[in-house]
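Subject: Structure for your review

Dear colleague,

Please find below the structure that I am handing over to you. My notes on what was found in it follow directly after.

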Amino acid sequence: MKILAISDPHGDYSKIKKIIGRAGDFDLAVVVGDITNFGPDEKVEELMEMFDRPILAIPGNCDQRSILKALDTSKAINLHRKAEKIENIRFIGLGGSNPTPFNTPFELSEEEIEKALEEMVCSAEKAEDCGTIVLLTHAPPHGARDELPFGHVGSKAIQKFLDRVDLIVCGHIHEAKGLEQVGKTIVVNPGEACKGSCALITIEETKENKPIEVEFVEV
C-alpha cells in the first residue's frame with residue numbers, strides 16, 4: 001500500500017494539488033491534523049474535495065473541536081478515537097494534542113490520550129489477523145520528532161505506545177520533519193503541507209516482516 005501523508009496545512013491548501021500530482025499513483029491519503037488555522041470548519045470540505053482517493057483524517061490542536069462534525073460529513077473518514085482496517089493494515093487515530101502553553105482549541109490531557117489509545121491499540125494487538133498497526137496522531141510521542149530549542153514537547157502518553165505499533169504518522173512540531181525509529185516503531189513527521197511538504201509511505205507486508213519505506217517530498 002502506498003500512502004500519501006500530510007500534516008499541518010493550516011487552512012492554506014495552495015500546495016495540495018502539486019503534492020497530489022507529485023505523489024503519483026497512491027492508494028490512500030492520511031491527514032494528521034491542523035487542517036484549519038483555528039477554523040472555519042467549512043475549510044474541511046475544500047481540502048477533502050481535492051482528493052480522488054480514500055482519505056483518513058484527524059484534527060489537530062489548532063482545529064476547533066466542532067471540526068469533528070465537518071469531518072463526519074466530508075468524503076474523508078474521521079479517524080479521531082476510531083480504528084479502520086484497510087487490507088491487512090489497522091489504522092488507529094487520535095487527534096488534538098497534549099497540553100501546550102498556548103491553550104489551543106483541541107488539547108487533551110495525557111490521561112485522556114493514554115486511555116483512548118490503550119483501548120484501540122490493545123484491541124488491534126489481540127486481533128487474530130493483526131497485521132501492520134499504523135497510529136495517526138497529531139502530536140508526536142515524547143522523545144521522537146518532537147524537539148524544540150528548549151527540549152522535547154511530545155506526548156508522554158503516546159510515548160508509551162512506541163514499540164507496540166509499527167508506524168506513527170504525526171505532525172504538530174513544524175521543525176521536526178523527518179523519520180526516527182524507536183524499537184520496532186517508525187515515527188514519521190511529513191512536514192508542513194502549507195509549505196509543500198509531504199511523505200510517501202509504502203507498506204509491503206510479507207509473512208516474515210513488515211517493511212516500511214518512507215520518501216519525503218517538497219513541491
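Which residues of α4 are buried? In this predicted model, they are Ile113, Ala116, Leu117, Met120, Val121 and Ala124. Elements that cover these buried residues include the strands β5 (82-86), β6 (89-94) and β7 (132-137), together with α5 (156-159).

The helix itself spans residues 110-126, which makes 17 residues. From its first C-alpha to its last, α4 reaches 24 Å, close to the 24 Å expected at 1.5 Å a residue. As background to the spacing of residues along such an element, an α-helix has 3.6 residues a turn, so residues three or four places apart point the same way. With respect to the strands, α4 lies across β5, β6 and β7 and runs at about 170 degrees to β6.

The sheet

The strands just named belong to an open sheet of six strands, whose order is β5-β6-β7-β10-β12-β11 and whose pairing is mixed. Because β5 and β11 stand at the edges with a single partner strand each, one side of each is left without a neighbour in the sheet. On average, neighbouring strands of this sheet are turned by 20 degrees against each other, direction ignored.

Two of the pairings may be described in detail. β5 and β6 run antiparallel and are joined by five bridges; within this pairing, Lys85 has Arg90 of β6 as its bridge partner. The two strands form a hairpin with two residues between them, and Glu87 in the turn has a positive phi of about 55 degrees. By contrast, β6 and β7 run parallel, with six bridges joining them. Leu94 stands opposite Thr137 in β7.

Salt bridges

How many salt bridges does a search of the whole structure find? The search finds 13, and several of them are set out here.

Two involve residues of α4. The side chains of Glu114 and Lys160 meet at 3.0 Å, N to O. Since Glu114 lies in helix α4 and Lys160 in the loop between α5 and β10 (167-169), this pair ties together parts that are 46 residues apart in sequence. Glu114 counts as partly exposed, at 29% relative accessibility.

The side chains of Lys115 and Glu119 also meet in a salt bridge, at 3.1 Å, N to O. These residues are four apart in helix α4, so about one helical turn separates Lys115 from Glu119. Lys115 is exposed, with a relative accessible area of 56%.

Elsewhere, Glu218 forms a salt bridge with Lys177, and the closest N and O atoms are 2.4 Å apart. This pair links distant parts of the chain, with Glu218 in strand β14 (residues 212-218) and Lys177 in the loop between β10 and β11 (178-182), 41 residues apart. Lys177 is partly exposed, its relative accessible area being 27%. In addition, a network of salt bridges links Asp25, Asp52 and Arg53.

Annotation

An unreviewed UniProt entry carries the annotation "domain: Calcineurin-like phosphoesterase" for residues 1-175. In the model, the end C-alpha atoms of residues 1-175 lie 28 Å apart, and the span is 23% helix and 23% strand.

With kind regards

Conventions: Residues are numbered from 1 along each chain as its sequence is written. This is a predicted model: local features need pLDDT of at least 70, side-chain atom pairs count only at pLDDT 80 or more; totals for chains, interfaces and linings use all residues. Side-chain values use heavy atoms; hydrogens and water are left out. The expected span of a helix is 1.5 Å times one less than its number of residues. Buried means under 20% relative accessible area, exposed over 50%, partly exposed in between (1.4 Å probe, protein chains only). Contact means heavy atoms within 4.5 Å. A salt bridge is a side-chain nitrogen of Lys or Arg within 4 Å of a carboxyl oxygen of Asp or Glu. Two strands pair if DSSP finds at least two bridges between them. Axes are lines fitted to C-alpha atoms, for helices over the stretch in contact, and angles run from 0 to 180 degrees between N-to-C directions. UniProt positions are given in the numbering used here, feature names are shortened, and annotations may be inferred rather than shown by experiment.
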